[in-house]
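Student: I should like to go through this model step by step, with an answer to each question that can be checked against the coordinates.

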Number of protein chains: 2
Amino acid sequence: MGTAERLIEATRELLRERGYVGTSPRAVQRRSGVGQGSMYHHFDGKPALALAAVRRSAGQLRAAAEADPGGEGSAAERVRAYLRRERSVLRGCRIGGLARAPDVVADPELRRPLEETFDRLRGRIAAVLREGRERGEFTASLDPAATAATIVAVVQGGYVLARSAASPDPFRQAVEGLIALLDAHTTA
Amino acid sequence: MGTAERLIEATRELLRERGYVGTSPRAVQRRSGVGQGSMYHHFDGKPALALAAVRRSAGQLRAAAEADPGGEGSAAERVRAYLRRERSVLRGCRIGGLARAPDVVADPELRRPLEETFDRLRGRIAAVLREGRERGEFTASLDPAATAATIVAVVQGGYVLARSAASPDPFRQAVEGLIALLDAHTTA
DNA sequence: GTCTATAGTTGGATAGAC
DNA sequence: GTCTATCCAACTATAGAC
């Protein structure tokens, strides 16, 4: 694994564990085993390091999102599969977790991957819902875009509840509650 | 306003603006106008300061939660009122925002107010839903506890989406999507 | 109770040798 | 490309005077 590679991976780990503010270039050096001079040779500083890490995480999340509801089954089944997908609930979302950091939100370049990721995710889910509605799987009253936002919000909010409770239970509960609500819109 | 009072309020502001890691005793001193020695006379250090601030915020959120769905109207109306309540969406939730900080989650004393707040909030909403179901407002298939978790998660997740987009729109959308889903369970 | 002084550590980065 | 040296500000707190 190349040097830049190791730096990016170490930064991704630290961003997830300690957040943006809690992640220091020093810690990245220790975690990656890369020296000071070497690190600053490859990256300008903390924001540059974070940008590379965030871009990679965003790319991976996007890829996973496009793979997942791309599977077979009815639209409702695909949404359920997305909601019940295995997640390390207590560690939280690599992308959503950064939305709390003022430095991230204030920097347009750092914030953009967050916005794009959630935009695409909502768009992807909305497309599945729309398709399902057109096939008569859902009642006509279901609003694909709004419902997609709800679905993504439940996942992100589930992380918050789970961490607050130090247990994945509230996450699961929120997800199952949503699935039950969606079922009422299903005409199968 | 007393000295301790000013310290707590300054800490609450900073916790919201900068998070736990980003909030330093120094900044609290500057914001509150209280000197170094004075601050350490009243509070042991950063965790003690944060604990006092978090407890107060938790108490206020709890009070608001008990006042809000205690209003008149059907259960569905009360839930809608809660979901549409005015919020400073881009600033995020004082309590939920802290769930990202490892230092908060790792400290049982600091985490407890978060857990309690969300437990009570879910309990309160579940009670409203249960009442509504018993009065025949909702279909029998509606699970009060799970649905309450979903409702709270949508709000918390809405904050995340809004901050990522630097716009309150995704929050509103997620909330309206949820309301539409709930309507399908309403027998009115 | 409040103030000033002090102190060790980390953060975030630059400079220049190799 | 990588290493070591160096830098200054901020963090978090303690000590002791008033």
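Student: Where in chain A is Thr23(A) found?
Tutor: The structure is a predicted model. Within chain A, helix H1 covers 3-18. Thr23(A) is found in the loop between helix H1 and H2.

Student: Is Thr23(A) buried or exposed?
Tutor: A residue counts as buried under 20% relative accessible area. Thr23(A) has a relative accessible area of 4%, so the residue is buried.

Student: Which residues is Thr23(A) in contact with, leaving aside neighbours within four places in sequence, and which backbone oxygen does its side chain reach?
Tutor: Beyond that sequence window, Thr23(A) is in contact with Leu14(A), Leu15(A), Arg18(A), Val28(A) and Lys46(A). Its side chain also makes a polar contact at 2.6 Å. The partner in that pair is the backbone oxygen of Gly19(A).

Student: Which residues come nearest to DNA strand C?
Tutor: There are 15 residues around DNA strand C. Sugar and phosphate make up 50% of the strand's atoms that come within 4 Å of the protein. The nearest residues are Pro25(A), Gln36(A), Lys46(A), Ser38(B) and His42(B).

Student: Which side chain has an N or O atom 2.5 Å from a base nitrogen of DNA strand C?
Tutor: Some polar contacts go to phosphate: a polar side-chain atom of Ser24(A) lies 3.1 Å from a phosphate oxygen of DNA strand C, and a backbone N or O atom of Gly35(B) lies 3.5 Å from a phosphate oxygen of this strand. The base nitrogen, at 2.5 Å, is paired with the side chain of Gln36(A).

Student: Which element gives the most residues to the surface near DNA strand C?
Tutor: Helix H2 (25-32) and helix H3 (36-42) of chain A, together with helix H3 (36-42) of chain B, each supply at least two residues. By class, this surface has two nonpolar, eleven polar and two charged residues. The element that gives the most, with five residues, is H3(B).

Student: Which residues come nearest to DNA strand D?
Tutor: Around DNA strand D there are 14 residues. Of the strand's atoms within 4 Å of the protein, 53% belong to sugar or phosphate and the rest to bases. The residues that come nearest are Ser38(A), His42(A), Pro25(B), Arg26(B) and Gln36(B).

Student: Which side chain has an N or O atom 2.5 Å from a base nitrogen of DNA strand D?
Tutor: Phosphate oxygens of DNA strand D have partners in each chain: a polar side-chain atom of His42(A) lies at 2.8 Å, and an N or O atom in the side chain of Ser24(B) lies at 3.2 Å. The base nitrogen at 2.5 Å is met by the side chain of Gln36(B).

Student: Which element supplies the largest share of the surface near DNA strand D?
Tutor: This surface has two nonpolar, ten polar and two charged residues. The largest share is five residues. That share comes from H3(A).

Student: What turn lays chain A on chain B, and how are the copies related?
Tutor: Chain A can be laid on chain B with an RMSD of 0.0 Å, by a turn of 180° and a shift of 0.0 Å along the axis. The two copies are therefore related as by a two-fold rotation axis. In their contact, 100% of the contact residues of chain A recur in chain B, so that the same surface serves both copies.

Student: Which residue of chain A comes closest to the rotation axis?
Tutor: The C-alpha atom is the reference for this distance, which is 1.8 Å. The residue is Gly157(A).

Student: Is Cys93(A) buried or exposed, and which residues does it touch?
Tutor: Cys93(A) is in the loop between helix H5 (75-84) and helix H6 (102-106) of chain A. At 9% relative accessibility, Cys93(A) counts as buried. Not counting residues up to four places away in sequence, Cys93(A) touches Leu61(A), Gln156(A), Tyr159(A) and Arg100(B).

Student: How many helices does chain A have, and what percentage of its residues is buried?
Tutor: The secondary structure of chain A comes to nine helices and zero strands. Its C-alpha trace spans about 60 × 30 × 30 Å along the principal axes. Of the 188 residues in chain A, the buried ones make up 51%.

Terms used
Residues numbered from 1 in each chain as written. Chains lettered and ligands numbered in written order. Predicted model: local features only at pLDDT ≥ 70, side-chain atom pairs only at ≥ 80, totals over all residues. Heavy atoms only, no water. Near = heavy atom within 4 Å. Polar contact = N/O pair within 3.5 Å; in protein donor to acceptor, adjacent residues only side chain to side chain. Helix = DSSP H or I, 4+ residues; strand = E, 2+ residues; numbered from the N terminus. Nonpolar A, V, L, I, M, F, W, Y, C, P; charged D, E, K, R; others polar. Least-squares fit on C-alpha atoms with pLDDT ≥ 70 in both. Contact = heavy atoms within 4.5 Å. Buried < 20%, exposed > 50% of the residue type's maximum accessible area, 1.4 Å probe, protein only.
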